[in-house]
Amino acid sequence: MRSRPIRTLILSARYLPVYSGAALQEHDVLRRLGREVVEGTVLTMRLPGLARRETLDGVRILRLGFGEAGRPSRFFFAFAVFLYVLFRGGRYDLIHSISLGWAWFLLPLAARVRGVPTVFTSSLM
């Protein structure tokens with residue numbers, strides 16, 4: 001039995017309150033497992049009108065970016081995720097990446113440097 005929750009970093013381009021099937025599923029899983037099993041932190045893109053940090057049903061949400069939509073914001077987000085994992089990834093026991101598209105090639109590099117196991121989930125079929 002673990003003495004502390006599994007610290008999990010979830011990377012998702014969109015997260016609640018922005019509607020996304022992946023976001024709804026991930027939030028439901030984290031909420032059901034509870035903080036005694038998994039301590040979940042979601043790293044997502046900051047969109048207009050959304051706070052940089054918030055907690056929703058016990059899930060910590062960190063939003064990176066300038067709060068603008070569009071291609072430059074997605075590029076910045078991908079690079080910011082790489083830097084976050086590279087410099088702060090050691091805080092986590094597991095990283096779960098949900099369909100980050102073309103940015104996927106950066107994440108394994110940063111996670112490997114930090115020595116954190118990483119799981120990739122794609123909605124592409």
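Visitor: What makes strand β4 count as mostly covered?

Guide: In this predicted model, five of the six residues in β4 (residues 59–64) are buried. A residue is called buried when its relative accessible area is under 20%. Arg 63 gives you an example: its relative accessible area is 3%, so Arg 63 is buried.

Visitor: Which strands are joined to β4 by bridges, and how do they run?

Guide: Strand β2 (residues 38–45) is joined to β4 by five bridges, and these two run parallel. Strand β3 (residues 53–56) is joined to β4 by four bridges, and here the direction is antiparallel.

Visitor: How do you know that β2 and β3 each pair with β4?

Guide: Pairing asks for at least two bridges between the strands. With five bridges for β2 and four for β3, both meet that cut-off, so both pair with β4. You can look at single partners too: Thr 44 has Arg 63 as its bridge partner in β4, and Thr 55 has Arg 60.

Visitor: What lies between the strands in the hairpin of β3 and β4?

Guide: Two residues lie between them, and in this hairpin Asp 57 takes a positive phi near 55°.

Visitor: Why is the contact of Glu 54 and Arg 63 called a salt bridge?

Guide: Start with a general idea: side chains of opposite charge can pair when their charged atoms come close. For Glu 54 and Arg 63 the N to O distance is 2.8 Å. The cut-off is within 4 Å, so the contact qualifies. The two partners are covered to unlike degrees: Glu 54 is partly exposed at 29% relative accessibility, whereas Arg 63 is buried at 3%.

Visitor: How many salt bridges does the structure hold?

Guide: Five. Among them are two in helix α1 (residues 21–33) that share Asp 28. Arg 31 meets Asp 28 at 2.5 Å, N to O, and Arg 32 meets Asp 28 at 2.9 Å. Elsewhere, a network of salt bridges links Arg 4, Arg 7 and Asp 93.

Visitor: How far along the helix are Arg 31 and Arg 32 from Asp 28?

Guide: Arg 31 and Asp 28 are three residues apart, while Arg 32 and Asp 28 are four apart. Each spacing is about one turn of the helix.

Visitor: Why is Arg 32 called exposed, but Arg 31 partly exposed?

Guide: Exposed means over 50% relative accessible area. Arg 32 has 65%, so it counts as exposed. Arg 31 has 42%, which lies between the 20% and 50% cut-offs, so Arg 31 is partly exposed. Asp 28, at 26%, is partly exposed as well.

Visitor: What makes Arg 91 fit in a patch of positive charge?

Guide: Arg 91 gathers with Arg 53, Arg 60 and Arg 88 in that patch on the surface. Patch residues need over 30% relative accessible area, and Arg 91 has 43%, so Arg 91 passes that step. You will find Arg 91 in the loop between α2 (71–88) and β5 (94–98).

Visitor: Why does Ser 122 count as partly exposed?

Guide: Its relative accessibility is 36%, between the 20% and 50% cut-offs, so Ser 122 is partly exposed. Ser 122 is found in the segment after β6 (118–121). The C-alpha atoms of Ser 122 and Ile 98 are separated by 5.9 Å, with the two residues 24 apart along the chain.

Visitor: What is the order of the elements in the whole protein?

Guide: From the N terminus on, the order is β-α-β-β-β-α-β-α-β. That gives three helices and six strands. Of the 125 residues, 42% are buried.

Notes
Residues numbered from 1 in each chain as written. Predicted model: local features only at pLDDT ≥ 70, side-chain atom pairs only at ≥ 80, totals over all residues. Heavy atoms only, no water. Patch = residues over 30% accessible without salt bridge, like charges linked within 9 Å, V, L, I, M, F, W, Y side chains within 5 Å. Areas by Shrake-Rupley, 256 points an atom, 1.4 Å probe, with all protein chains shown as cover. Salt bridge = Lys/Arg side-chain N within 4 Å of Asp/Glu carboxyl O. Lys, Arg positive; Asp, Glu negative; His and termini not counted. Charge placed at Lys NZ, Arg CZ, Asp CG, Glu CD. Buried < 20%, exposed > 50% of the residue type's maximum accessible area, 1.4 Å probe, protein only.
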